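Reader: I have a chain to go through with you. Could you take my questions one by one?

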Amino acid sequence: KRAKRPVGAPDKSLAKKVTKVGVLGAGLMASQFALLFLRRLQVPVVITDLDQARVDKGLEYIRDEIAKLEGKGRLDADTANKLRGLLHGTTDKAEYADCDFVIEAVFEEVGVKQQVFGEIEKIIAPDAILATNTSSLSVEEIGEKLAHPERLVGFHFFNPVAVMPLIEIVKTSHTTPEALSTAFVVARGLGKNAVLTADAPGFVVNRLLAKVFGEAARALYEGTPLLTVEKAFEPLGLPMKPFQLIDLVGWKVAAHVQDTMAHAFPDRFYANENFHALAALPQVVEKDKAGRVTGWTKDAQKTLKGAVGD
Ligand code: 3HC
């Protein structure tokens, strides 16, 4: 018999109704899920960032995507216009005052996330839910400085947000059943499958991906050419090969996940300086028209050797 709700999810009747969503950050990840909130929940969505240029870039991405969906007939003109009207970008965080669900995708560092949430907590209602899209940091620690840590949940999306069906939801020792239930109901509203994972570094998915990325990078340093490494992963039947996926996630993000894992589990993950050398050299990767990794440029292997000093 199938479970009626995901394992670990509290009764959905406890969920708070979400009438306005705040997104902290207007980078690619934040913009992708701002679009998803707009499309699926059809409620006002506010995005903010450090300066207007960043906000404008996020708005442009979302508006372009709405136009593309309209062009493909996935959104009718009325809905597309409605979504445009529901989207608001600003540098003024006071706009979060009446948001009941605020999710952050700011720089992946505990101190930065704590500081941003501290600022927001002074603005939002006492019962508004806070969510973090951290990919591998401790949600408990992110909430440590909050006056109301019971309102915080981890809410981890995957790239590309529009198509990846999973969200990892994380509760801390303080999270209330109401906050957790709201997270599950929001995830369902977004059309995603949610799973409750332990608040452990990398949760579940990035633990596995960090292994794949780390081993693929190591194979490269051992001298196996990039496309051979990619081909060797074929038997696993993954939708993307390791370097293609690193490229999608972003080399810097992937390197950051590697660091977090190596720091948390030094006996199980490499302290991967080599990965940083790779992350610093994205220009050596050749791409096809669709932006997919196809191989190294001619002297890339040489550059790489120089960068890691062997
Ligand atoms: N944005 C929006 N939609 C996208 C997209 C993107 N970047 N890329 C693909 N799509 C959509 C396409 O529009 C298409 O939709 P349609 O069928 O409705 O027209 C659909 O996805 C399939 O696209 P394609 O046919 O062009 O391509 P593929 O069949 O090759 O699938 C893929 C593309 C879904 C991205 C697939 O390759 C895949 O599943 N890759 C694995 C991605 C993955 O593992 N992500 C996890 C990364 S880890 C992470 O994000 C965590 C972080 O913390 C590090």
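Author: The answers below go from the whole chain to single residues.

Reader: What kind of model is this, and how many helices and strands are there in the chain?

Author: This is a predicted model. Of the 310 residues of the chain, 39% count as buried. The secondary structure comes to 12 helices and 10 strands.

Reader: Among contacts between residues at least 6 apart in sequence, what share joins residues at least 24 apart?

Author: Contacts in the chain between residues at least 6 apart in sequence form the basis here. Those that join residues at least 24 apart make up 67%.

Reader: Which strands are the edge strands of the open sheet?

Author: Eight strands form this open sheet, and their pairing is mixed. The order is S3-S2-S1-S4-S5-S6-S7-S8. From one strand to the next, the twist averages 25 degrees. An edge strand here pairs on one side only, and that holds for S3 and S8 (193–197).

Reader: In which sense do S2 and S3 pair, and which residue of S3 is the bridge partner of Ile47?

Author: Strand S2 covers residues 45–48. S2 and S3 are joined over four bridges, in the parallel sense. In S3, Ile47 has as its bridge partner Gly89.

Reader: Which residues of S3 point to the buried face?

Author: Side chains in a regular strand alternate between the two faces of the sheet. S3, residues 87–90, shows this alternation. His88 and Thr90 point to one face and are not buried. The buried ones, on the other face, are Leu87 and Gly89.

Reader: Are the residues of S1 buried or exposed?

Author: Strand S1 spans residues 21–24. Val21 and Val23 point one way, Gly22 and Leu24 the other way. On both sides, all of them are buried.

Reader: Which residue of S2 is the bridge partner of Leu24?

Author: S1 and S2 run parallel and are joined by four bridges. Val21 stands opposite Val45 in S2. For Leu24, the bridge partner in S2 is Thr48.

Reader: Which helix gives the most residues to the largest nonpolar core?

Author: In soluble globular proteins, nonpolar side chains tend to be buried together. The largest nonpolar core here has 57 residues. Val23, Ala34, Val102, Val153, Ile169 and Ala183 touch the most other members. The most residues, eight, come from helix H1 (residues 28–41).

Reader: Which residues does Val23 touch, leaving out those up to four places away in sequence?

Author: Val23 is one of the core residues that touch the most other members. Neighbours up to four places away in sequence are not counted. The list is then Ala30, Phe33, Ala34, Val45, Val46, Ile47 and Ile103.

Reader: How many residues are in the other core, which lies apart from the largest one?

Author: Ala216, Val249, Ala254 and Val257 are among its members. This core lies apart from the largest one, and its residues number 16.

Reader: How are helices H2 and H3 oriented to each other?

Author: Two packed helices are described by the angle between their axes and the distance between the axes. H2 (residues 52–71) and H3 (residues 77–86) have axes 10 Å apart and an angle of about 170 degrees. An angle over 145 degrees counts as roughly antiparallel. Therefore H2 and H3 are roughly antiparallel.

Reader: How do the residues of the contact of H2 with H3 divide into nonpolar, polar and charged?

Author: H2 brings Arg63, Ile66 and Glu70. H3 brings Ala77, Ala80, Leu83 and Arg84. The division is four nonpolar, no polar and three charged.

Reader: Why does Lys241 count as buried?

Author: Lys241 sits in the loop between helix H8 (226–232) and helix H9 (242–249). Leaving aside neighbours within four places in sequence, Lys241 is in contact with Glu230 and Phe233. A residue is buried if 20 or more other C-beta atoms lie within 10 Å of its own. Lys241 counts as buried because its C-beta neighbours inside 10 Å number 22.

Reader: Which residues does the cis peptide bond join?

Author: Pro160 is placed in the loop between strand S6 (152–156) and strand S7 (166–171). Omega of the cis bond is about -10 degrees. The bond joins Asn159 and Pro160.

Reader: Does Gln42 count as buried, exposed or partly exposed, and which is it for Phe203?

Author: Phi of Gln42 is near 50 degrees, a positive value in a residue other than glycine, and phi of Phe203 is also near 50 degrees. Gln42 is in the loop between H1 and S2, Phe203 in the loop between S8 and helix H7 (205–221). With 13 C-beta neighbours inside 10 Å, Gln42 counts as partly exposed. With 21 such neighbours, Phe203 counts as buried.

Key:
Residues are numbered from 1 along each chain as its sequence is written. This is a predicted model: local features need pLDDT of at least 70, side-chain atom pairs count only at pLDDT 80 or more; totals for chains, interfaces and linings use all residues. A residue is buried if 20 or more other C-beta atoms lie within 10 Å of its own, exposed if 12 or fewer, and partly exposed in between; C-beta atoms are placed from the backbone. Helices (H or I, at least four residues) and strands (E, at least two) are DSSP runs, numbered from the N terminus. Two strands pair if DSSP finds at least two bridges between them. A nonpolar core is a set of buried Ala, Val, Leu, Ile, Met, Phe, Trp, Tyr and Cys residues joined through C-beta atoms within 7 Å. Two residues are in contact if their C-beta atoms, placed from the backbone, lie within 7 Å. Axes are lines fitted to C-alpha atoms, for helices over the stretch in contact, and angles run from 0 to 180 degrees between N-to-C directions. Angles under 35 degrees count as roughly parallel, over 145 as roughly antiparallel, 65 to 115 as roughly perpendicular and the rest as oblique. Ala, Val, Leu, Ile, Met, Phe, Trp, Tyr, Cys and Pro count as nonpolar, Asp, Glu, Lys and Arg as charged, and the others, Gly among them, as polar.
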